[in-house]
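Let's take a walk through this one together, a stop at a time. Keep the viewer open and follow along.

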Amino acid sequence: MRILLTGSSGKLGRATGDRLQDLGHEVLGVDLHGTAGAGFTRVDLQDYGQVLDTMLGVTARHSGLDAVVHLAAIPVNGIVPDVTTFHNNVTATFNVAFAAHRAGIRTLVVASSITAMGFPFEVAPPALPVDEDYTAAFTTYGLGKVVEEAMFGQLVGWDPELSITALRYTNVVGEGEWGTFARAGDPDYRRDLLGSYVDVRDGAEAVVAALTHARPGFEAYVIAAPDSGVDIPSPELAARWFPGVPVASGLGDRDPLVSSAKAARELGWTATRLWRDHYSV
Ligand SMILES: NC(=O)c1ccc[n+]([C@@H]2O[C@H](COP(=O)([O-])OP(=O)(O)OC[C@H]3O[C@@H](n4cnc5c(N)ncnc54)[C@H](O)[C@@H]3O)[C@@H](O)[C@H]2O)c1
C-alpha cells in the first residue's frame with residue numbers, strides 16, 4: 001500500500017514508519033519537522049490547503065494514496081497552552097479526515113488516547129477494567145480526542161466505503177524508557193493510567209493490524225499491554241484506587257485495569273513486549 005503517515009517524526013510515528021516499510025509498504029511521512037528525503041514532506045496539518053494538496057499528490061513523492069495513518073498531535077497537556085493543544089489537534093484531525101474524504105481515500109487509522117476514557121481517573125470509572133464503552137474527558141487534550149472520535153462516527157455516514165479506526169493508546173513506552181518501572185512497587189505509580197502501558201513497537205503493530213482489518217464504518221480500540229505495569233495484585237489496586245467500583249470477576253493479579261480484548265478479538269492484536277522482560281524490580 002502507499003500510505004501517508006502524519007506525525008512521522010514523533011515517537012510512535014518513527015516506529016510505525018519503520019514497521020510499515022519493513023512490511024513492504026511505501027510510506028510518505030509528513031510532519032512539522034523532519035529529515036528531508038524521499039520519504040518525507042514537511043506539512044503543517046493546521047493548513048487545510050497543504051493537507052488536501054498533499055493527499056492529492058506531491059511531486060517527486062506520490063501521485064495517489066491507498067491509506068492515511070494519522071498520528072500527528074501535541075501528545076499531552078502542558079507543552080503549549082491548553083487551548084493550543086485542543087486547537088492544533090482537532091484542526092489537524094479535521095483537516096486530515098476531511099481532505100482524505102475529498103481525495104477519495106477510504107482507509108484511515110488514527111491515534112486516539114486513554115485520555116478519551118477517563119484519564120487521569122480522578123473521577124472513578126463506572127467499572128473495571130475500563131474499555132471502549134467508557135468515554136470521558138477531563139483535559140483539553142482528552143476533549144480533543146473525544147471530539148475527533150465523535151467526528152469520525154459522523155463522517156463514516158457520509159461514505160458507505162469509508163473506514164476509520166481510532167486506536168486509544170495508553171502511555172506509549174519507547175526504547176530507553178523502561179527505567180521508569182523502577183517504581184512498579186509504588187501503589188501511586190501509573191495510577192492516572194490505571195497501571196497500563198504499551199511498548200512503542202506493539203503500538204506500531206496495532207496500526208498494521210488496523211490497516212489489515214479495516215472495514216467500512218468507525219471503530220475505536222483500546223491499545224494497552226495485557227499486563228499491569230504495577231507490581232501489586234490488580235484486584236488489590238482496584239479496591240485501593242476505586243473502592244466500591246465493580247471489578248470483573250476473575251481479574252488476575254497481573255491483568256490490566258484497561259482492556260484491549262476488543263482489539264484482540266477484532267484486530268487480532270495483542271501486545272507482546274512486557275515491562276518485566278525489560279526491567280526487573
Ligand atoms: N506517547 C503516548 O504515550 C501517547 C498515548 C496516547 C496517545 N498518543 C497519541 O499518539 C500519537 C503520536 O504520539 P507520539 O507520542 O508519537 O507524539 P510525538 O510528539 O512524539 O509526535 C507527534 C508528532 O506530531 C507532529 N505534529 C503535531 N502537530 C502537527 C501539525 N499541526 N502539523 C504537522 N505535524 C504536527 C509533531 O511535530 C510530532 O513530530 C498522537 O496522536 C498522540 O496523541 C500518544
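P129 sits in the loop between strand 5 and helix 4, and the peptide bond leading into P129 from L128 is cis, with omega near -5 degrees. Bear in mind that this is a predicted model. P120 also lies in the loop between strand 5 and helix 4 (140–155), and the F119 to P120 peptide bond is cis as well, with omega near 5 degrees.

Now step back into strand 5 itself, which covers residues 107–113 and holds V109. Is V109 buried or exposed? V109 has 24 other C-beta atoms within 10 Å, so V109 is buried, given that 20 or more is what a residue needs to count that way. Its partners from beyond four places in sequence are V69, T165, L167, V207, A210 and L211. A166 is worth a look too: 57 residues separate V109 from A166 in sequence, yet their C-alpha atoms are 6.0 Å apart.

Next, swing over to helix 2, residues 48–56, where V51, T54 and M55 are the buried residues. Looking down the axis of helix 2, you'll find these buried residues within an arc of 100 degrees, so they line one face of the helix. The spacing fits a general pattern: an α-helix has 3.6 residues a turn, so residues three or four places apart point the same way. What covers the buried residues of helix 2? The cover includes strand 1 (2–6), strand 2 (26–31), strand 3 (40–42) and helix 3 (82–103).

Stay with helix 3 for a moment. Its axis and that of helix 2 come within 9 Å and cross at roughly 40 degrees, which makes helix 2 oblique to helix 3. The crossing is right-handed. On the helix 2 side, Y48, V51, L52, M55 and L56 take part, meeting N95, V96, A99, A100, R102 and A103 of helix 3. Sorted by class, that contact has nine nonpolar residues, one polar and one charged.

Finally, two backbone oddities. A60, in the loop between helix 2 and strand 4 (67–70), has a positive phi of about 75 degrees although it is not a glycine. L194 is another non-glycine with a positive phi, here about 55 degrees, and L194 belongs to the loop between strand 7 (172–173) and strand 8 (198–199). Their surroundings are worth checking: A60 is exposed, with 6 other C-beta atoms within 10 Å, whereas L194 counts as buried, with 29 C-beta neighbours inside 10 Å.

Methods: Residues numbered from 1 in each chain as written. Predicted model: local features only at pLDDT ≥ 70, side-chain atom pairs only at ≥ 80, totals over all residues. Helix = DSSP H or I, 4+ residues; strand = E, 2+ residues; numbered from the N terminus. Buried ≥ 20, exposed ≤ 12 C-beta atoms within 10 Å, placed from the backbone. Contact = placed C-beta atoms within 7 Å. Arc of directions from axis to C-beta. Axes fitted to C-alpha atoms, helices over the stretch in contact; angles between N-to-C directions. Parallel < 35°, antiparallel > 145°, perpendicular 65-115°, else oblique. Left-handed = near helix turned anticlockwise from the far one by under 90°. Nonpolar A, V, L, I, M, F, W, Y, C, P; charged D, E, K, R; others polar.
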